[in-house]
Amino acid sequence: MTGARRQGGKGRWEALLARPLLLPPSAFLTFSLRRLARAHPEAFVRLGEHARRLYLIAPTDLPVAFCLRPAGIEGEIRLVAAGAAPEAAVRIRGALLDLLQLFDGTMDADAAFFSRRIQVEGDTSAVVALHNALEAADLTLADLIGAPRPARDLVNRGLNWTTQRWRSA
């Protein structure tokens, strides 16, 4: 019992110490999400009742998780320590590269799910709404990270090159 308590306490301290380090990327990702909402409001409308739900995107190869609330220009993305992730309507887990390729549409979501490259838990109607919104918006990785319009082609080429090298490593 003492070992379990000690380990649980350690996780809490790690989460507490990590919080200040996660604030800047959280602010940047929230800014990017809201910028995307202004540029593509139709994608967020497609989410309907699910826009205010919490989606937990948990890369299996990183010690952090992304808490996404895609509520249009009021949306937010918060990074949290993986062990301190809150309860969410939906939890999507997989390798970071697979998750990125899902979000930009270069990986087929059904194939990724049935091949178990990603795992989905929770409200399936919310997952379907998110998938349909992303698919309709036809976003690229540069759009997702909020790259300025003039630099998007260059950013997409660089990100695609990086992901190909990362996957082959």
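Let me begin with Phe113, which is partly exposed in this predicted model, at a relative accessible area of 37%. Its sequence neighbour Phe114 is exposed, with a relative accessible area of 65%. The structure holds 1 aromatic pair. That pair is formed by the rings of Phe113 and Phe114: their centres are 5.2 Å apart and their planes stand at 75°, so the arrangement is edge-to-face. The angle settles the class, because planes over 60 degrees apart count as edge-to-face.

I turn next to the loop that links helix H4, residues 109–114, to strand E5. Arg116 lies in this loop. Its phi is near 65°, a positive value in a residue other than glycine. Is Arg116 buried or exposed? With a relative accessibility of 68%, Arg116 counts as exposed; the cut-off for that class is over 50%.

Strand E5 itself covers residues 118–122 and runs antiparallel to strand E4, to which it is joined by 5 bridges. On the other pairing of interest, strand E1, residues 55–59, runs parallel to E4, and here too the link consists of 5 bridges. Which residues of E1 and E5 are bridge partners of Val90? Val90 of E4 is partnered by Tyr55, and in E5 by Gly122.

Let me stay with E4, residues 90–94, and consider its two faces. In a regular strand, the side chains alternate between the two faces of the sheet. In E4, Val90, Ile92 and Gly94 point to one face and are buried. Arg91 and Arg93 point to the other face and are not buried.

My final topic is Asp61, in the loop between E1 and strand E2, residues 64–69. Asp61 counts as partly exposed, at 42% relative accessibility; that value falls between the limits of under 20% for buried and over 50% for exposed. What does Asp61 contact, leaving aside its neighbours within four places in sequence? The residues in contact with Asp61 are Gly94, Ala95 and Leu96. Gly94 has already appeared as one of the buried residues of E4. As for Leu96, the side chain of Asp61 reaches its backbone nitrogen at 3.0 Å. Finally, Asp61 and Leu97 are 36 residues apart along the chain, and their C-alpha atoms are separated by 9.4 Å.

To close, I would draw attention to two places: the edge-to-face pair of Phe113 and Phe114, and the approach of the Asp61 side chain to the backbone nitrogen of Leu96. Thank you.

Methods:
Residues are numbered from 1 along each chain as its sequence is written. This is a predicted model: local features need pLDDT of at least 70, side-chain atom pairs count only at pLDDT 80 or more; totals for chains, interfaces and linings use all residues. Side-chain values use heavy atoms; hydrogens and water are left out. Buried means under 20% relative accessible area, exposed over 50%, partly exposed in between (1.4 Å probe, protein chains only). Helices (H or I, at least four residues) and strands (E, at least two) are DSSP runs, numbered from the N terminus. Two strands pair if DSSP finds at least two bridges between them. Rings of Phe, Tyr and Trp (its six-membered ring) pair if their centres lie within 6.5 Å; planes under 30 degrees apart count as stacked, over 60 as edge-to-face and the rest as tilted. Contact means heavy atoms within 4.5 Å. A polar contact is a pair of N or O atoms within 3.5 Å; within protein, one must be able to donate a hydrogen and the other to accept it, and residues adjacent in sequence count only if both atoms are side-chain atoms.
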